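Ready for a few warm-up exercises? Have a look at the model below, then try each task before reading its solution.

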Amino acid sequence: MFGTRPGFLLANAPPFVFMRVSRNENRSYRIDYISESCQAIWGLTPAEVGDDLRLLWSRTHPDDAPAMLRTMREAGARRVEWAGTFRVLDAQGGYRWVVGRGLPRDDLAETDTWSITVTDVTGQMRAFHDLQMSEARFRALAENIPGAIFRYCVHPDGSDEITDMSRGCFDLWELTQEQILADPGPIWAMVLPEDLPAMQQSVADSGRTLTPWNHMWRIRTPSGTVKWLQGRGQPHRLANGDIVWHSLIFDVTEQRNKDEEIRRLAEEDTLTGLANRSVLLKTLETALARRLADGGSGALLLIDLDHFKDINDALGHDGGDQYLRATAQRLRAVAGKRDLVARLGGDEFAVLAPDLGDPQQVGLIAERIRIALFEDLPIEGRPLSSSVSIGTTVFPADGATSGALLKHADLALTEAKTSGGKATVAFTRDLDERRVRRKTLAEALRGAIAHGDIETAFQPIVDTATTAHSGFEVLARWTLDGAPVPPSEFVALAEETGLALPLGEVVVTKALAWARRLEDAGLAPGPLSINVSASQLRHDGFATFLAEALQRNAIAPAGIEIEVTENVIFGRWATRIAETLDDVHRLGARIALDDFGTGYASLIHLRRIKVDRLKIDQSFVRDIESDPDDAAIVRTIINLAHSLGLDVVAEGIETAPQLAFLRRSACDLAQGYFFARPTTRFEEIETYLRGALRA
Ligand code: C2E
Ligand code: MG
Ligand code: MG
């Protein structure tokens, strides 16, 4: 149904009804929506009207129905606007006169859809009919009736004249009575040239068949105003061969404007002019029904800008709006002619491709969208761009109702966003299960963090040449129902669900407490390498928190090292994170670049952030002996680090030959199962350290 605004507009104009109808599979028209004011005309509430147009139509006066049906059919066949004055049955069992108007909506993909307005003109028409009955009342009534009432006469020789008229005619045509009565020529001349042939035809047809004249056209008045007029007239043939019409003409300009406005509010997103959610749903339903019937496929894509909040913050509200409008234009340009582009609110858009030749095409559409939206947009003189997350569905395979499909597309979109954005995710059935699992897991993680059930494992880092102990990497551990949850999984989950900060605090707090205990036992653990995530570094209290935790445990800042991955440093919060890392540096702690080689490694970036150490990712170390490429990469990273004055740790050493290779390549430090596995048992760490110190 309607949103609040159109409803409000209509509340002020009760005898004016707006509805939208579309043709369904059975070729009959369905009412997509109808304004509450239908009650004022038909005496039926929208619920009573239902969604089948036939009920409403059955209440059209039998004398008017055939002509109106013809008008509508003819307009329908040519997809042009229709209008007419006719009677409908009201609640009291009587008839009301209405002016109806229908506008085809070609902008909606694949649907045969019409915006229809119905205005109650009973008062005017009753008066008009009285006039035809009683000549005596003409003068009295004609003066007081809005709209133009006149007698129009066509003589057998084809000449025409206006023989009588009401005061309303002067308002309508802006001419004096003398001007009009002398010669109807000026009135004809006002008809817009493109509307003239149809207008002449309608009068001629009515005169020839002696059926009511019912027509809508435009005029340009002497003052230059363009008006929409709707006229109805009953022809009679006089004994002398004259044909005379008693005619009533309404100025329907305002109705048309109001109609446009209401239609816009009901169907369009006001900011971008794209279709809104309700139109998307309706169109989707139609497309879905068609594809179910013909066995074809369509696609629904949901698109969300990854950084719109930042853009909005940077540009302010107006700039943000401008960005959204530009995005809408780009989407429209890249979408196919038959595709529907909608804005669902905020920075979320949808593209509906009603008919795909091949379901695989959905990937191409997504790719085209991604490319189109990624180009820089000059907004207020600044080039801006945003990556997008896209969730795709193909129907009917991914959902046989519009509700299910939208939900699934949304699920795919959420998956794309939570994987860090910049991604297209196609819906699959297991996404749903994953979502449920993730939700329960997130709840459990929240509890584990609150109850201190997150443990820290220590894994030694040793000198490559001598295998002497150097320090520990601290790794978070979580056991749920007796089974360990992989850190890669719960760390990512914490990032997504806003738990990264408390998780990180638990890890730092526990690790430093252990460091204290070890030092107290005379077992200096060496620097602890602590992994931190983007959200921790984005938080401006991070360096302060670290300083306090160090102080509380009386650990020197040099006793810790922060491990960050390249993706963290070069991601969307790069500037903010660089500042935090500077603070960490000033504190006296060191910074290691983790998983080096797996992200967007760039030497320029390396210069921007002051790091002290590179950690070669274990994926390069694994095949160091068998894969010459990996061997070359490892050697290159080591040389690069050394030439930049950094030291290097190789991760994931599991075999003696791997260690031998690293020694030959002058890698400084090593870490891996070959030396020791990470352990959460304090005694094991103590025992290990005792042995290490003895050696
Ligand atoms: P990472 O920082 O690269 O940690 C090294 C990973 O390699 C650890 O995996 C460790 O158990 C594993 N590893 C060590 N030696 C070997 C070996 O010889 N062979 C093999 N195959 N693996 C080895 P883990 O503990 O599963 O952690 C995975 C990732 O989770 C870590 O990668 C780190 O990025 C992240 N992570 C772990 N704890 C935390 C934490 O407290 N905070 C944050 N933000 N991330 C953490
Ligand atoms: Mg690490
Ligand atoms: Mg690593």
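**Exercise 1.** In what order do the five strands of the open sheet lie, and is their pairing parallel or antiparallel?

*Solution.* Keep in mind that you're looking at a predicted model. Start by walking across the open sheet: the order reads β2-β1-β5-β4-β3, and the pairing is antiparallel. Next, check the ends. β2 (29-34) and β3 (82-89) each have a single partner strand, so one side of each has no neighbour in the sheet. Finally, look at the twist: on average, neighbouring strands here are turned by 30 degrees against each other, direction ignored.

**Exercise 2.** Zoom in on β1 and β2, then find the helices that pack on the sheet.

*Solution.* First, the pair itself: β1 (residues 16-23) runs antiparallel to β2, with five bridges between them. For one of the contacts, take Arg20, whose bridge partner in β2 is Tyr33. Now add helix α12 (residues 253-267), which packs on the sheet and touches β1, β2, β4 (95-104) and β5 (113-120). The direction of α12 makes about 55 degrees with that of β1. Then comes helix α13 (residues 277-294), touching β1 and β2, at about 165 degrees to the direction of β2.

**Exercise 3.** Which residues coordinate the magnesium ion (ligand 3)?

*Solution.* Step one, list the donors: Asp594 (OD), Asp595 (OD) and Glu651 (OE), with Glu651 (OE) listed twice, at 2.0 to 2.6 Å. Step two, read their spacing along the chain: D-D-x55-E. Step three, look for a second ion: the magnesium ion (ligand 2) is 4.1 Å from ligand 3, and Asp594 coordinates both. Last, check exposure: Asp594 counts as buried because its relative accessible area is 5%, under the 20% cut-off. Asp595, at 24%, is partly exposed.

Definitions and conventions
Residues are numbered from 1 along each chain as its sequence is written. Chains are lettered from A and ligands numbered from 1 in the order in which they are written. This is a predicted model: local features need pLDDT of at least 70, side-chain atom pairs count only at pLDDT 80 or more; totals for chains, interfaces and linings use all residues. Side-chain values use heavy atoms; hydrogens and water are left out. Donors are N, O and S atoms within 2.8 Å of the metal (3.2 Å for Na, K and Ca); water is not among the atoms, so sites may look incomplete. Buried means under 20% relative accessible area, exposed over 50%, partly exposed in between (1.4 Å probe, protein chains only). Two strands pair if DSSP finds at least two bridges between them. Helices (H or I, at least four residues) and strands (E, at least two) are DSSP runs, numbered from the N terminus. Axes are lines fitted to C-alpha atoms, for helices over the stretch in contact, and angles run from 0 to 180 degrees between N-to-C directions. Contact means heavy atoms within 4.5 Å.
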